[in-house]
Amino acid sequence: MDKYRVGIVGATGMVGQRFIMLLQHHPWFDICVLAASSRSAGKSYETAVQDRWAANEPIPDPIKHQIVLDAANTESVAAKCDFIFCAVDMDKQETRAMEEAYAKTETPVVSTNSACRFLPDVPMLIPEINPDHAQVIPTQRKRLGTQQGFIVVKPNCSIQSFVPALTPLRGYGIQSISVCTYQAISGAGKTFASWPEMVDNVIPYIAGEDEKSQEEPLKIWGTIEGGIIQHASEPVISAQCLRIAASDGHMAAVSVKFIQKPEHSEILHIWESYKPLPVELGLPNAPDPFLHYFSDPSRPQTRLDRGYKNGYGVTIGRLREDALFDYKFICLSHNTVRGAAGGSILTAELLCRQEYIIRKTDK
């Protein structure tokens, strides 16, 4: 098949770098455009990132000498690609304006940013959880005045370990959730070299993360009414988010109370047998199985298990009864793969398979 031409906007940042590494051998997608701020524009990619390259592997050879374009020149960037991944580091107002400008060039935008997450006609997708939310795209296109262009966003990385673990259990009526997340420094776009203060340290505050962890699941678990997404009214979620001295991987300690308490064995069976749509569709990066439970009480561990299914899967452990709630457990996801670039790539695969994204030459 002819590959889709892909642009990465925000290509020099840590998430942009992760996109490059994950896309270099993709069977459907070909990186045709790298774009960043005017500071990087006109330089080779290798020169633009210089000593900021954060991956353990070197920059792929086909990318090194590619010239970085100015992300602000939306028309010239959009003309060279069928859709873009957007991972810019700008304030929310500027980010929304840029993403809508790209969409209005009839170029779909798959964004890792938060600027458009709570617009009711913008799907915030975890492909295994709420793929049906893509159905609001026609409403968004009408608002933007586009035929093909639209914006889809991924959720915050803090929720992408515990929401996948809880979603298959919603049939029992989830009443309340208490969650504490332990988040790696790459979630802040940092390494230990660039943030030495994090070595041997825990910081009990990440700006905005508690609120995102409490609010975003309610949109993901929401319903479509009148062409827009209505947030779920339940469950009640209480979250605390901590930054810890790990390079990659976000862990969550979850306690949950149900309206109808399931048996321990029922929960394990549901996790083991969960077969979401991306697996059924055979998408290139769909992890199968999506969820993996460890019977070893010392797992999952950040360093050992964040790479489960190449970082696209979610691992769970230590399911046991809770004295205040019904059950408690631990879960883990890779924040820059599942929680950022990889989750966005899987979202784009879903949207291509469902023909929301088409090649511009196929119009």
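Does Arg143 count as buried, exposed or partly exposed, and what is its relative accessibility? In this predicted model, Arg143 counts as partly exposed because its relative accessibility is 38%, and the points below place that residue in the setting of the whole chain and its salt bridges.

1. Overall dimensions. The protein chain has 363 residues and a radius of gyration of 20 Å, which agrees with the value near 21 Å that a compact globule of that many residues would have. Along its principal axes, the C-alpha trace spans about 60 × 50 × 35 Å, and the secondary structure of the chain consists of 12 helices and 15 strands.

2. Burial, surface and contacts. Of the 363 residues in the protein chain, 57% count as buried, while the accessible surface comes to about 15300 Å², with 48% of it belonging to carbon and sulfur atoms. When contacts between residues at least 6 apart in sequence are considered, 76% of them join residues at least 24 apart.

3. Charges. The protein chain carries 36 positive and 41 negative side chains, and the centres of these two sets lie 2 Å apart. The count of salt bridges comes to 13, and some of them are taken up in the points that follow.

4. The pair within helix H5. Arg96 and Glu100 meet through their side chains in a salt bridge, with a distance of 3.0 Å from N to O. Because the two residues are four apart in helix H5, which covers residues 92–103, about one helical turn separates Arg96 from Glu100. The two partners can be described separately with respect to solvent: Arg96 counts as partly exposed, at 31% relative accessibility, whereas Glu100 is buried, with a relative accessible area of 13%, which is under the 20% cut-off.

5. From helix H5 to helix H6. Glu100 also forms a salt bridge with Arg143, in which the closest N and O atoms are 3.2 Å apart. This pair links distant parts of the chain, since Glu100 lies in helix H5 and Arg143 in helix H6 (residues 137–144), with their positions 43 residues apart in sequence. A network of salt bridges links Arg96, Glu100, Asp121 and Arg143, so that the partly exposed Arg143 of the opening question belongs to this group of four named residues.

6. A bridge from a loop to a strand. Lys261 forms a salt bridge with Glu321, the closest N and O atoms being 3.0 Å apart. Here too distant parts of the chain are linked, for Lys261 is in the loop between strand S12 (250–258) and helix H9 (264–273), while Glu321 is in strand S14 (residues 314–321), 60 residues away in sequence. Lys261 counts as partly exposed, at 36% relative accessibility, and Glu321 is exposed because its relative accessible area is 52%, over the 50% cut-off.

7. A buried glutamate in helix H8. Glu216 has its place in helix H8, which covers residues 209–220, and it is buried, with a relative accessible area of 1%. Leaving aside residues up to four places away in sequence, Glu216 touches Arg117, Phe118, Met124, Pro155, Asn156 and Ile159. A reader inspecting the model may wish to view Glu216 together with these neighbours, Arg117 and Phe118 among them.

Methods. Residues numbered from 1 in each chain as written. Predicted model: local features only at pLDDT ≥ 70, side-chain atom pairs only at ≥ 80, totals over all residues. Heavy atoms only, no water. Rg over C-alpha atoms; globule rule 2.2 N^0.38 Å. Buried < 20%, exposed > 50% of the residue type's maximum accessible area, 1.4 Å probe, protein only. Contact = heavy atoms within 4.5 Å. Areas by Shrake-Rupley, 256 points an atom, 1.4 Å probe, with all protein chains shown as cover. Lys, Arg positive; Asp, Glu negative; His and termini not counted. Charge placed at Lys NZ, Arg CZ, Asp CG, Glu CD.
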